[in-house]
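Please look through the sequence and the three-dimensional structure shown here before reading on. The paragraphs that follow take up a few side chains and a metal site, one after another.

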Amino acid sequence: MKILAIETSCDETAAAVVEGVDEDLKILSNVVVSQVDIFAAYGGVIPEVAARSHLEAMMPVLDKTMEGISWNEIDAIAVTHTPGLLGSLLIGTLTARQLAILHNKPLYAIHHLKSHIYANWLESNNIAFPLLALVISGGHTQIIYMKGHNQFEIVGTTRDDAVGECFDKVAKILGLPYPGGPSIAKVASKNNKYKLPHPRVEGLDFSFSGLKTAVLRAVQKELGLPISHPSHDLKNYLNKQQVADFAASFQRTAIEILAEKMEQALTKFPEAKSIVVSGGVSANEELRKVFKEKFGDKVYFPEPKFAGDNAAMVGAAAYYEILAGAKSVDPCYLDIMPRSKIN
Ligand SMILES: Nc1ncnc2c1ncn2[C@@H]1O[C@H](COP(=O)(O)OP(=O)(O)OP(=O)(O)O)[C@@H](O)[C@H]1O
Ligand SMILES: [Mg+2]
């Protein structure tokens, strides 16, 4: 079965064709046009600009994705319809609806976090259940218990910021370019010089806004500036070594917080046979190293290029939904939902 998948939930315009045979997935084409260069100038995503950029990129991305593949070969279309930025979701969803009507193909509406999780099945088809999925992205930080395919129970979530958002905000304080995650990883030194607190949050929930404030206070203290000093101005006083050391201490602390919660999750769900990590932050090399040391063969990561937003992962999620007997949706009525829980 060949699936054309479309993803536009945030600032990547992406399409892919994946082929599923039994439980094996093959990527026939995969195109991602990122808007990060546009948003690097603003230091973050501007929803209206993102939607307009999706509109411009959508057709060229589709053309490139379908190069050498005829519409007759496509068995289904899948699209991210929730959660994400309203205008961005609309472009991908309306495109998929029109294509489904025009080419008379069944349309599947896919939840973005399912796609992040299923990016792992692009790599391996023998991940053992039950498992704990850790989604660490720009908008989410969640631990999801999965008894089997397509069974999702949220067992931990962030009470405030997502960890990716925290990387982005800390990078801003340090004067590093957007997106913050790769920028912090790139400059981080080997010194874990600044001791930053781990939040005390009950159960398997997370909190990352305190860590961002802790970095802010530590930078102000290091520079001998008052806590009233504006955060956007601190970068003008920091030297390269200080930036590298703050980046290292923050990165290390964020990873420790995530790893500690996963250890706690394994205590609560001792029957979990695998840990499946996904989302943009899962591209982080230091995090991969720490998780592999702590959890060994139990832990799975997507290929780094499939950690952030892409459409191959949407195709993977759709394929496993279809295998489980999911119904296609009416292309005339499929709506978007900017917010929704995985279920
Ligand atoms: N190497 C890295 N280390 C840490 N963080 C990273 C790395 N690469 C990307 N990120 C972070 O990943 C986030 C983007 O991930 P992703 O594209 O999955 O999120 P999103 O789609 O914006 O949000 P969501 O999936 O929750 O809707 C950004 O916050 C970015 O800083
Ligand atoms: Mg995402």
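Does Lys169 count as buried or exposed, or does its relative accessibility place it in between? In this model, which is predicted, Lys169 has a relative accessibility of 29% and therefore counts as partly exposed, since that class covers the values between under 20% for buried and over 50% for exposed. The side chain of Lys169 meets that of Asp161 in a salt bridge, with 3.2 Å from N to O, and Asp161, at 9% relative accessibility, counts as buried. This pair does not stand by itself, for Asp161, Glu165 and Lys169 are linked in a network of salt bridges.

The structure holds nine salt bridges, and two further ones can be followed in the same way. One of them joins the side chains of Arg159 and Asp205, at 3.1 Å from N to O. Arg159 lies in the loop between β8 (153–157) and α5 (163–174), while Asp205 lies in the loop between α6 (180–187) and α7 (209–223), so the pair ties together parts of the chain that are 46 residues apart in sequence. As for their surroundings, Arg159 is exposed, with a relative accessible area of 53%, whereas Asp205 is buried, with a relative accessible area of 17%. Another salt bridge is formed by Lys64 with Glu67, whose closest N and O atoms are 3.7 Å apart. Here Lys64 counts as partly exposed at 48% relative accessibility, and Glu67 is exposed, with a relative accessible area of 55%.

From the salt bridges we can turn to the metal site. The magnesium ion (ligand 2) is coordinated by His112 through NE2, by His116 through NE2 and by Asp309 through OD, at 2.1 to 2.2 Å. Read along the chain, the donors of the magnesium ion (ligand 2) follow the spacing H-x3-H-x192-D. Within this set, the pair of His116 and Asp309 links distant parts of the chain, since His116 sits in helix α4 (residues 112–118) and Asp309 in the loop between β10 (299–300) and α10 (312–323), 193 residues apart.

It remains to ask how accessible these two donors of the magnesium ion are. His116 counts as buried because its relative accessibility is 2%, and Asp309 is buried as well, with a relative accessible area of 14%, which is under the 20% that sets the limit for buried residues.

Note on methods:
Residues numbered from 1 in each chain as written. Chains lettered and ligands numbered in written order. Predicted model: local features only at pLDDT ≥ 70, side-chain atom pairs only at ≥ 80, totals over all residues. Heavy atoms only, no water. Donors = N, O, S within 2.8 Å, 3.2 Å for Na, K, Ca; no water. Helix = DSSP H or I, 4+ residues; strand = E, 2+ residues; numbered from the N terminus. Buried < 20%, exposed > 50% of the residue type's maximum accessible area, 1.4 Å probe, protein only. Salt bridge = Lys/Arg side-chain N within 4 Å of Asp/Glu carboxyl O.
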